[in-house]
Amino acid sequence: MRRVVVVNGPNLNLLGTREPHIYGTRSLADLEAAVRARAKTLELEVSFFQSNHEGEIIDFLQKEAPGSAGIVLNPAALGHYSIALYDCLQALALPVVEVHISNIHAREEWRSRSVTARAARGVITGLGFAGYELALEYLAAQQ
């Protein structure tokens with residue numbers, strides 16, 4: 001079975017309680033359950049990781065992503081400034097779909113710039129948890 005890694009960056013462990021008017025009321029565990037259910041229908045295995053620390057995310061990706069079918073990444077705030085995460089994604093040379101739960105272009109101006117998006121095949125923003133499922137569908141269709 002093909003495997004996809006799903007990585008969530010800083011503060012996404014607070015889903016369900018952090019700014020529910022922006023991010024909704026469902027938790028990170030709810031997100032993982034929804035992604036696992038969709039992955040099963042697509043015959044994908046998923047490995048999840050969330051960290052508030054840039055280095056831990058990079059270490060996880062370097063260890064777990066090679067050999068996978070691709071990466072679904074919500075870099076959260078790291079997307080706006082992390083050259084190190086961008087370099088990691090470039091070095092891995094895997095298909096990456098960047099996902100943002102909220103529409104980063106409808107928020108503060110600085111949120112609309114994503115350094116890491118340049119390493120992605122595509123970016124899905126503003127579709128909530130459905131963005132992760134769409135990213136899985138894209139990766140499942142890649143050969």
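**Strand pairing and the setting of Gly-122**

In this predicted model, strand β1, which spans residues 2-8, pairs with β2 in the parallel sense, and the pairing extends over 7 bridges. Within this pairing, Val-7 has Phe-49 of β2 as its bridge partner. Helix α3, formed by residues 54-64, packs on the sheet and touches β1, β2 and β3 (70-74), and the direction of helix α3 makes about 175 degrees with that of β1.

The sheet to which these strands belong is open and consists of 5 strands, arranged in the order β2-β1-β3-β4-β5 with parallel pairing. Its edges are formed by β2, covering residues 44-50, and by β5, each of which pairs on one side only. On average, and with direction ignored, neighbouring strands of this sheet are turned by 20 degrees against each other.

At one of these edges, strand β5 comprises residues 122-125 and includes Gly-122. The relative accessible area of Gly-122 is 26%, and this residue is therefore classed as partly exposed, since that class lies between the limits of 20% for buried and 50% for exposed residues. When neighbours within four places in sequence are left aside, Gly-122 is in contact with Val-96, Val-97 and Glu-98. As for Ala-135, this residue is separated from Gly-122 by 13 residues in sequence, while the C-alpha to C-alpha distance between the two is 8.7 Å.

Conventions: Residues are numbered from 1 along each chain as its sequence is written. This is a predicted model: local features need pLDDT of at least 70, side-chain atom pairs count only at pLDDT 80 or more; totals for chains, interfaces and linings use all residues. Side-chain values use heavy atoms; hydrogens and water are left out. Helices (H or I, at least four residues) and strands (E, at least two) are DSSP runs, numbered from the N terminus. Buried means under 20% relative accessible area, exposed over 50%, partly exposed in between (1.4 Å probe, protein chains only). Contact means heavy atoms within 4.5 Å. Two strands pair if DSSP finds at least two bridges between them. Axes are lines fitted to C-alpha atoms, for helices over the stretch in contact, and angles run from 0 to 180 degrees between N-to-C directions.
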